Structures are given as structure tokens and as C-alpha cells.
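Visitor: I would like a close look at a single part of this protein, with the wider setting explained as far as it helps. Please take it slowly.

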Amino acid sequence: MHTLISRIAELPPGWVYLIAALLLAAEVGLLCGLFVPAASIMLTVGALAHAGRLSLWLALVTTTAGALAGDSLGYWEGRLWGRRLREGWLARRVGTQRWRRAEAMIRQGGGTAVTAGRWVAFVRTLVPRLACAAGVGYARFLFFNAVGVAVWVPGTVLAGYLAGASYRQVIGTVGPVGTLAAVAMAVGLVLLARWRARRRAYDRRARTPHETGSPADAVDVTSDSPRPFLAAALIVRDERDNLPDCLASLAGVVDEIHVLDTGSIDGTPELAAELGATVAHATWNDDFAAARNAAVEGWSAEWVLAIDADNRLVADRDALVELLSRTDADVVRVDIDNLHDEVPYTHQSGALYRPDTAQWSGRVHEQLVGRTGPARVRVAPRSTIRMAHLGYAEPAVRAAKSVRNAELAQAQLDALAAGTATAEPAVVARTLLDLGRSLVGAGRRQAAVDTFETVRELFPGTPEWLQATDFLARLVLAAGLDEVCLALSEQLRGAGARPEYCDWLAAQALAQLGEIERAWHLLAGVSEVVDTAGRRYDPAALRELTDLVAQLRHAQPVHGGADGPVR
């Protein structure tokens with residue numbers, strides 16, 4: 001080490017600046033810090049500046065720039081390679097204990113740990129990669145890292161400058177100084193983490209029991225264990241039959257399972273506890289969003305998987321963790337395969353989210369929204385994660401849920417009308433749409449039609465208008481009002497709905513009107529059926545309709561028609 005530094009010190013000033021900047025960048029960016037500590041280089045640069053061989057200000061600028069560049073490179077390496085870093089030569093070189101200590105430091109301290117990590121040699125090399133893996137956004141990382149670099153780099157260079165009479169003597173003190181700094185920083189982080197944990201515990205105890213459940217069922221937020229990466233959250237009531245299979249599907253995928261029971265009488269909470277879940281209790285207040293938000297109160301997972309007892313998870317744990325580690329999203333949408341007694345379909349739902357930046361909104365058919373602004377949303381590949389939903393497989397169960405949801409939506413509308421809830425146009429439109437679709441499932445077709453017409457009248461040009469028109473078109477189609485369905489399908493087409501979906505609707509109406517040839521031409525261009533809400537219908541439904549129209553087509557002479565297919 002001393003020989004290398006001596007040779008650098010003998011080089012022309014320009015080369016010293018360049019080599020110092022490159023070594024500082026390589027310390028983190030190329031992991032050279034595991035072999036050659038950069039502090040020695042900075043002390044040497046400071047000593048040379050004291051001797052008049054280098055400009056002190058230029059030395060400060062070049063070394064600081066090199067450190068910042070190397071840290072940014074390390075961060076983007078973490079984004080590119082994710083958890084594979086833990087499985088390769090780097091993990092073997094660093095060692096399991098060191099890696100875990102650094103990982104725990106980042107997860108417990110967040111931005112503060114990024115700043116503090118700059119002062120600890122082995123942590124300094126890993127922090128950018130771990131910060132990315134822990135979900136720290138680049139802008140946040142850049143700020144806290146710049147604070148650390150702005151203190152550590154000039155401080156070390158100035159230490160060499162002030163002790164410039166003998167840079168070898170200064171270099172000899174790097175070990176003790178580094179050790180003292182590491183110990184002091186570690187103690188500070190532990191104290192900070194404990195203070196934050198005790199503060200969360202105090203806040204949790206200050207809440208009422210119906211918000212967070214009994215103390216016996218609460219998560220131990222004062223634990224010193226690292227922050228869990230992914231936890232599952234369920235709200236349940238009388239789900240004893242569904243719960244075992246749901247929790248079994250989570251095994252090996254999530255780090256923790258939290259169950260919020262809202263008044264079961266069938267032994268669901270006891271069974272959940274037996275199966276290893278952490279159970280809390282809450283009073284049901286006719287608000288799904290409030291219950292889902294209460295389910296994550298008082299615990300600290302970086303990511304939450306919202307899942308119901310009638311869901312079954314299919315996921316690749318490694319691919320999922322890598323996806324969540326690399327994304328900058330607040331919400332990740334997941335494919336949900338719905339077993340339905342009429343037409344099975346797949347839709348996407350925001351099932352994965354960061355509880356620090358996203359929360360639930362909506363009394364019924366709740367959705368994830370950003371806490372301080374629009375949520376950043378990404379979509380997970382089906383090969384990484386998907387869920388099966390069994391709740392609509394039985395007609396009686398589906399109808400009962402629809403009746404319940406219609407009551408909740410009506411209660412929300414009443415609150416909006418009474419001024420006890422924020423009556424923003426988007427909220428009113430979404431609540432009306434929720435009411436209409438729930439009325440359809442409850443079998444109250446005329447009430448649903450009236451509700452959808454209200455949405456169309458009050459909220460033209462909105463996503464709710466589009467979906468209300470879609471529901472209305474299907475209702476009139478089922479009622480045999482085929483000409484009305486054709487008119488609505490053209491309105492959907494003009495408003496931006498998928499052309500194939502509009503053709504699918506129109507083909508059904510034309511077939512019922514006896515215009516088989518036109519229906520056949522429309523269906524020939526339909527490869528999949530995706531409605532205005534993004535629900536992708538089972539291909540079997542399209543095949544069944546196509547086969548039926550083909551049979552009708554062969555059963556009667558073909559009448560071309562001057563107008564051709566409806567387009």
C-alpha cells in the first residue's frame with residue numbers, strides 16, 4: 001500500500017488528480033474498496049496539497065466528484081443486478097455477517113444510513129447497491145449520499161492537508177481512525193433505530209383498540225430484527241374454510257403474514273394464529289379501505305401484498321424480490337384470474353404496494369392511491385406473480401357479495417350527499433360506478449341501468465363514463481335490446497374502447513338480430529376480448545360465440561348485404 005501511494009505522490013499533478021478521482025470512483029463503482037481503501041489516497045492528496053504540489057481546491061473538487069460518480073455507478077449496478085449480487089463472488093468476498101450488518105443498517109436507517117455508511121469502509125462499498133435493493137429511490141439516495149460525501153471526502157482530504165508534514169504518519173493512523181468512526185457511527189445508528197422503534201410503539205399504543213387490535217396480537221415493533229421486505233396482509237371474517245389454502249400459497253414467498261379479523265365467529269382468528277400468522281382484531285365499519293389501512297398499522301414491511309382468503313398466490317419468490325428491489329413504483333399491479341360462474345376473466349389489481357408511500361381509498365372496490373401525490377404504478381409479469389380468485393365461482397356467494405357492496409356504495413353516496421365525505425367529482429363518479437356494478441351482481445338490473453345512465457349524464461369523457469357505457473351495453477344486450485347495444489358499441493368505439501371489444505359486442509347484437517354474415521365478419525377480426533376496465537375474458541367465451549355464429553352461418557344461405565360489416 002505504501003509503495004503504491006509513494007509512486008502516486010511522485011507523479012505530475014494532473015495524473016495525481018485523475019488517479020485520485022478514478023480510485024475514489026472505483027472504490028464503490030468497481031468494488032475496489034474491498035481491497036484498496038480510498039481514505040489513504042485522500043490523505044495523500046491532502047498532504048501533497050499542503051506541500052504545494054497540488055491545488056487544495058482542485059483536489060477537493062476532483063475527489064468529491066470521483067466519490068459521487070462511483071456511488072451512482074454502484075447504485076445503478078444494484079438496479080441492474082439486484083439480488084444476484086448476494087449469490088455471486090461479491091457475497092462470498094464480503095461474507096454473510098458483513099452483508100447482513102450492512103443490509104440491516106440500510107433497512108433500519110433509510111436515508112440516514114446512506115449518509116452514515118460513507119464513514120464505514122466495508123459498508124461504504126455496499127451501501128449504494130443495498131440502498132437500491134431496499135427500494136430507496138435514486139433522488140433520495142443521491143441527496144443523502146451527497147451529504148455524506150460532502151463531509152467525508154473534504155474532511156479526509158483536509159485531515160491530510162493539516163497533517164501534511166508527514167503523510168506516511170497520517171496513513172498509519174487510518175486504521176484506528178476508521179475503527180473509531182465505524183464504532184461511533186454504529187452506536188449512533190443503533191440509538192437512532194431504537195428511538196424510532198420506541199416512537200412507533202408509543203404512537204401505536206396511543207391509538208384506540210378497534211384501530212389496531214389487542215396488544216397481544218400486535219406486531220413487536222420494538223424488535224431489533226431487520227425490517228421485513230415483503231409481508232402479506234389479509235382482512236377476514238368467517239373465512240375458516242378458505243384460510244388454510246390461502247396461507248399455504250404464501251409459504252416461501254412472503255416474510256410475514258398479518259391477519260386483521262373483523263368479527264369472525266367461526267374460529268378464523270384462532271386458526272390463523274395456529275397457521276403462523278400474526279393476528280389483530282378490528283371492528284368492521286363498512287369501509288374496505290379503512291380496514292386494509294388498519295391492517296398494516298404498526299408494522300414496518302417495505303412491501304405489502306394485499307390478499308384475500310379466497311385468493312391463491314402463484315409466485316416466483318426470487319423473481320418477485322428482484323422485481324420489487326429494482327422498481328421505483330409505489331404500486332405494482334398483478335394479474336388476478338377470476339373463476340366466475342358465468343364468464344371467467346382476468347383483471348389486474350394493485351396487490352403489491354409500499355405502505356410508506358401508498359394507501360387504500362374507497363369504501364367499496366377500494367383502490368391504492370399515493371399518500372402525497374399520484375402513485376407510481378408498474379405491472380408485474382404473470383411469470384413472476386399472479387393470483388387466482390375463487391370468490392365468484394358460486395352464484396349465491398357472488399350475489400351475496402354484490403348485495404353487501406351495493407349497500408356500502410349507497411352508504412358512501414349518502415355520506416357524499418350529506419357532506420360528511422369529500423365530494424370530489426372523481427370520487428362521486430367512482431362511487432356511482434361501484435354502485436351500478438354491484439347492483440348488476442345483486443340482480444337489480446333496472447336500478448343498475450338507472451345508475452349507469454346517471455354516470456353517463458354527469459361525467460362525460462371520463463373513464464367512469466366509458467365503463468358505465470360498457471356495463472349498459474351488456475345489460476341491454478342481455479335484455480334483447482340489440483339496436484341499443486349496437487348504438488352503445490359505436491359510442492364506445494368513438495370514445496377509445498378497444499376495437500376488438502366493440503366488434504365482439506356488436507357481433508352478439510347482430511347475431512341476435514339475425515344478421516349472421518355481418519356478425520361473422522366482425523368476429524373474424526377478434527383475437528381476444530378485453531373490456532373497458534382491462535378485464536381479459538376467458539378465450540373459451542370467444543370460441544363459443546364464434547362456433548355458434550359459424551353453425552348459424554352454415555345453417556342458412558349467406559346474405560352479403562350492401563353495407564358490409566359494421567365498422
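Before we turn to that part, what share of the contacts in the protein with a separation of 6 or more is accounted for by residues 24 or more positions apart? After that, please look closely at helix α21 (residues 463-478).

Guide: This is a predicted model, in which local features need pLDDT of at least 70 and side-chain atom pairs count only at pLDDT 80 or more, whereas totals for chains, interfaces and linings use all residues. Residues are numbered from 1 along each chain as its sequence is written, and side-chain values use heavy atoms, with hydrogens and water left out.

To take your question at the start, residues 24 or more positions apart account for 72% of the contacts in the protein with a separation of 6 or more, a contact being heavy atoms within 4.5 Å. The secondary structure comes to 25 helices and 12 strands, where helices (H or I, at least four residues) and strands (E, at least two) are DSSP runs numbered from the N terminus. Of the 567 residues of the protein, 49% count as buried, with buried meaning under 20% relative accessible area, exposed over 50%, and partly exposed in between (1.4 Å probe, protein chains only).

Against that background, helix α21 has 16 residues and reaches 23 Å from its first C-alpha to its last, close to the 22 Å expected at 1.5 Å a residue; the expected span is 1.5 Å times one less than the number of residues. The helix is mostly covered, since 13 of its 16 residues are buried. Just after α21, Gly480 takes a positive phi of about 85°.

Further along the sequence comes Cys485, which is buried, with a relative accessible area of 0%. The sulfur of Cys485 is 10.0 Å from the closest cysteine sulfur, in Cys502, and is therefore too far for a bond, a disulfide being a pair of cysteine sulfur atoms within 2.5 Å. By this rule the count comes to 0 disulfides.

A positive phi is also found at residues that are not glycines: Asp238 has one of about 55° and Asp286 one of about 60°. Asp238 is found in the loop between β1 (230-236) and α14 (243-250), and at 34% relative accessibility it counts as partly exposed. Asp286, in turn, is found in the loop between β3 (278-281) and α16 (288-295), and at 38% relative accessibility Asp286 likewise counts as partly exposed.
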